[in-house]
Amino acid sequence: MNNQILKQPFEGQPKTRLSYDKDGSPQFDVAIKELTPFRAKSADNIATLTSWATLGLAVNEALSMPSADWKVWLASLTLPFVFQPAFKWVTRGLSKKTTRVRFTADEFLVREWPKPKSFERQLDHSFQLLTHDDREKEKEKLQLAAMRARQRGKLI
């Protein structure tokens with residue numbers, strides 16, 4: 001049973017597989033499909049360019065038809081923009097990036113190229129605001145503004 005994939009423990013998305021390492025400890029491998037902001041912008045730009053290219057091709061085809069009536073022109077001018085949401089949906093679907101994450105009892109590992117990132121699960125993670133270099137200047141500035149406001153009878 002070591003180093004084997006037993007089953008997919010969860011239904012649906014993201015794809016999750018349960019396996020065991022060489023010591024017999026369980027580990028979960030998760031494949032997350034994500035759309036990064038850069039990839040979303042690129043996909044939207046590609047969809048827009050595809051719409052404009054389709055418009056150009058449709059107008060070119062309509063011009064080459066000897067008996068093109070108003071229906072052909074209406075279709076060639078509107079259909080590229082009607083289908084733009086479909087173009088956007090397809091390009092965004094194709095632009096999704098797959099990130100693979102492994103969860104064990106001790107850590108979780110994000111497999112990125114060129115170097116995977118590992119985070120210990122036993123540590124208490126926290127965020128801290130660091131003081132900046134001009135803290136004292138800002139404090140004095142605020143105290144001066146408060147003192148001047150008090151002299152004018154205002155409250156800060």
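What covers the buried residues of helix α1 in this predicted model? Part of the cover comes from two other helices, α2 (70-82) and α3 (84-94). The residues of α1 that count as buried are A40, A43, D44, A47, S51, L55, A58 and A62.

Helix α1 itself runs over residues 37-64. You can check its length with a little arithmetic: at 1.5 Å a residue, its 28 residues should span 40 Å, and the end C-alpha atoms lie 41 Å apart, so the two values agree. The same sort of check can be made on helix α4 (residues 135-151). This helix has 17 residues and reaches 25 Å from its first C-alpha to its last, close to the expected 24 Å.

**The whole chain**

Now step back and look at the protein as a whole. Its secondary structure comes to four helices and six strands. Starting from the N terminus, the order of the elements is β-β-β-α-α-α-β-β-β-α.

How does the radius of gyration of the protein stand beside that of a compact globule of 156 residues? Such a globule would have a value near 15 Å, but the protein has 29 Å. Along the principal axes, the C-alpha atoms fill a box of roughly 80 × 75 × 30 Å.

Of the 156 residues, 17% are buried. The protein exposes about 13200 Å², and carbon and sulfur atoms supply 59% of that area. Contacts tell another part of the story: among those between residues at least 6 apart in sequence, 37% join residues at least 24 apart.

**A patch on the surface**

L79, V82 and F83 make a nonpolar surface patch of about 280 Å². One of these residues, V82, lies in helix α2. Is V82 buried or exposed? V82 has a relative accessible area of 54%, and because a residue over 50% counts as exposed, V82 is exposed.

**Charged pairs**

Side chains of opposite charge can pair when their charged atoms come close. In this model the count comes to five salt bridges. Three of the pairs are set out here, with the distance between N and O atoms.

| Salt bridge | N to O distance |
|---|---|
| D29 and R111 | 3.6 Å |
| E112 and K117 | 3.5 Å |
| E136 and R135 | 3.3 Å |

Take the side chains of D29 and R111, which meet in a salt bridge. This pair links distant parts of the chain: D29 is in strand β3 (residues 26-34) and R111 is in strand β5, 82 residues apart. D29 is at 14% relative accessibility, so it counts as buried. R111, with a relative accessible area of 38%, is partly exposed. D29 and R111 also belong to a network of salt bridges in which they are linked with R102.

The other two pairs in the table can be described in the same terms. E112 is partly exposed, at a relative accessible area of 31%, and K117 is partly exposed too, at 43%. E136 counts as partly exposed at 43% relative accessibility, while R135 is partly exposed with 44%.

**A buried residue in β3**

Strand β3 also holds Q27. Is Q27 buried or exposed? Q27 has a relative accessible area of 7%, and because anything under 20% counts as buried, Q27 is buried. Which residues does Q27 touch, leaving aside its neighbours within four places in sequence? Q27 is in contact with R17, L18, S19, Y20, D21, R102, F103 and T104. You met one of these, R102, in the salt-bridge network with D29 and R111.

**Two spots in the backbone**

Most residues other than glycine have a negative phi, and most peptide bonds are trans. With that in mind, look at two places in the model. Just after α4, G153 takes a positive phi of about 85°. The other place is the peptide bond joining W113 and P114, which is cis, with omega at about 5°. Where does P114 lie? P114 is in the loop between β5 (107-111) and β6 (117-120).

Terms used. Residues are numbered from 1 along each chain as its sequence is written. This is a predicted model: local features need pLDDT of at least 70, side-chain atom pairs count only at pLDDT 80 or more; totals for chains, interfaces and linings use all residues. Side-chain values use heavy atoms; hydrogens and water are left out. The expected span of a helix is 1.5 Å times one less than its number of residues. Buried means under 20% relative accessible area, exposed over 50%, partly exposed in between (1.4 Å probe, protein chains only). Contact means heavy atoms within 4.5 Å. Patches are made of residues with over 30% relative accessible area and no salt bridge: like charges are joined within 9 Å, nonpolar side chains (Val, Leu, Ile, Met, Phe, Trp, Tyr) within 5 Å. Accessible areas come from the Shrake-Rupley method with a 1.4 Å probe; for residues, only the protein chains shown count as cover. A salt bridge is a side-chain nitrogen of Lys or Arg within 4 Å of a carboxyl oxygen of Asp or Glu. The radius of gyration is taken over C-alpha atoms; the globule rule is 2.2 Å times the number of residues to the power 0.38.
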